[in-house]
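In these entries I record what I looked up in one protein structure. I begin with the aromatic residues and then turn to strands, a helix, backbone geometry and a pocket.

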Amino acid sequence: ESRSFKLSYYNEYKSYLSAMRIQEFQITLPLTVEEYQVGQLYAVAEASKAETGGGDGVEVIKNEPLVGHEQFGDCQYTKKIYHLEHKVPRWVRAFAPAGSLHLYEEAWNAYPYCKTVLTNPGYMKDKFTLSITTWHKPGRGSIENVHGLPAEKLAQRKVVKIDIANDEVRPADYKPEFDPTKYSHERGPLSDKWQEQCEPVMTCYKLVECEFIWRFLQTRVEDYIMIAERRLFTNFHRQVFCTHYQWKDMTMADIRALEDATAEELKDQRTNRGLQGTTDNK
């Protein structure tokens, strides 16, 4: 009987550890889906430069088109390494050995559908996966199950709506040039009820699935990751909208040229520039 109880407890504990955290972040924007394709990639390039320096930041390994991919069809494939030694809280650095805070990202951009997967093959191996699946759709975020989740995953999913104008941002993150309520160019500033009134309008539906299998740390780390993702999505999309006047006339050819130039800049910045960008020293 004692052995049976222990086996039952072990199976229940193993099931708990393997339970994946699922949140769907819905970010509505006063843009068209076509505009966002350019604006997102422009802001990724600019944000990467702002976050890279002092050994930390973004390293671009590949950025190339794929034709006829078996899962995603024709898409743009990117592979990056995120160096995060100074960008995570002290309590994470306390248990992570030197050299382990590197996330490898693979992304398949088959716009308006995108899939991004982050792993830590050097340390966590198959015990950590962060997957972000995104649909970009016209409208105000009213599609109930855009990702076609089965009932089991729908029961686990938590929906988080992000308001780029009115959600609180950390004082350390606040930049007046990226404040939609102060944006003085076309389509700004955004008011309290902008989501009900704006045209054009679209929504990013970002399904974030996180699995971090580590006894005693799983809940804390997964909670931290989801908070960090909300922070990232809020700040990033404030920047996308507030730089609209900078990228609105760019073509996709302009964007690919910018990405190539940015990859070279990042190599130099990570080695020769001081630490900059988002940090979390809690």
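**Entry 1. Aromatic residues**

I looked first for a grouping of rings, and I found that Phe72, Tyr77, Trp108, Tyr113 and Trp135 make up one aromatic cluster. I note that the model is a predicted one.

I then asked how many aromatic pairs the structure holds. The count is 10. I examined Tyr183 and Tyr245, whose ring centres are 6.3 Å apart. Their planes meet at 40°, and the pair is therefore tilted, since stacked would need under 30 degrees and edge-to-face over 60.

I next checked where these two tyrosines sit. Tyr183 belongs to the loop between strand S7 (158-162) and helix H5 (194-197), while Tyr245 belongs to helix H7 (residues 244-247). The pair therefore ties together parts that are 62 residues apart in sequence.

Are the two rings' residues buried or exposed? Tyr183 has a relative accessible area of 4% and is buried, because buried means under 20%. Tyr245, at 38%, is partly exposed.

I took Phe212 and Trp214 as a further pair. Their rings are stacked, with 6.1 Å from centre to centre and 5° between the planes. Phe212 is buried at a relative accessible area of 6%, whereas Trp214 is partly exposed at 27%.

**Entry 2. Strands S2, S3 and S4**

I turned to strand pairing. Strand S2 (residues 57-69) pairs with strand S3 (residues 73-83) in the antiparallel sense, and I recorded 10 bridges. The connection from S2 to S3 is a hairpin of 3 residues. At His69, I found Gly73 in S3 standing opposite.

On following S3 further, I found that S3 is also joined to strand S4 (residues 102-110) by 8 bridges, again with the strands running antiparallel. I noted Lys79 opposite Glu106 in S4.

I also placed two members of the aromatic cluster, Tyr77 and Trp108, against these ranges. Residues 73-83 make up S3, and residues 102-110 make up S4.

**Entry 3. Strand S1 and its partners**

I asked which strands pair with strand S1 (residues 21-29), and in what sense. Strand S8 (residues 202-212) runs antiparallel to S1, and 9 bridges join the two. Within this pairing, Ile22 stands opposite Glu209 in S8.

S7 pairs with S1 in the parallel sense over 5 bridges. Here I found Val159 in S7 as the bridge partner of Glu24.

I also checked how covered S1 is. Of its 9 residues, 8 are buried, and S1 is thus mostly covered.

**Entry 4. Helix H2**

I measured out helix H2 (residues 33-50) in the model by its computed span. The distance from the first C-alpha to the last is 25 Å for 18 residues, close to the 26 Å expected at 1.5 Å a residue. H2 is mostly covered, with 13 of its 18 residues buried.

**Entry 5. Backbone geometry**

I searched the backbone for exceptions, because most residues other than glycine have a negative phi and most peptide bonds are trans.

I found a cis peptide bond between Gly188 and Pro189, with omega at about -10°. Pro189 is in the loop between S7 and H5. I found another cis peptide bond between Glu199 and Pro200, with omega at about -5°. Pro200 is in the loop between H5 and S8.

I then looked at positive phi values in residues other than glycine. Lys125 has phi near 55° and lies in strand S6 (residues 125-138). Arg187 has phi near 75° and is placed in the loop between S7 and H5. At 27% relative accessibility, Arg187 is partly exposed.

I note that the loop between S7 and H5 has now appeared repeatedly in these entries: Tyr183 is there, as are Arg187 and Pro189.

**Entry 6. The second largest pocket**

I asked what kinds of residues line the second largest pocket. Its lining divides into 6 charged, 3 nonpolar and 2 polar residues. Among the lining residues I listed Asp167, Glu168, Asp173, Arg170, Arg230 and Arg231. Val169, Pro171 and Ile227 are also in the lining, as are Thr234 and Asn235. The space in this pocket is about 210 Å³.

Terms used
Residues numbered from 1 in each chain as written. Predicted model: local features only at pLDDT ≥ 70, side-chain atom pairs only at ≥ 80, totals over all residues. Heavy atoms only, no water. 1 Å grid on protein atoms, 1.4 Å probe; cavity = no way out; pocket = protein on both sides within 12 Å on 5 of 7 lines; lining within 4 Å. Points joined across faces, edges and corners; volume = space filled by probe spheres on them. Nonpolar A, V, L, I, M, F, W, Y, C, P; charged D, E, K, R; others polar. Pairing = 2+ DSSP bridges. Helix = DSSP H or I, 4+ residues; strand = E, 2+ residues; numbered from the N terminus. Expected span 1.5 Å × (residues − 1). Buried < 20%, exposed > 50% of the residue type's maximum accessible area, 1.4 Å probe, protein only. Phe/Tyr/Trp six-rings, centres within 6.5 Å; stacked < 30°, edge-to-face > 60°.
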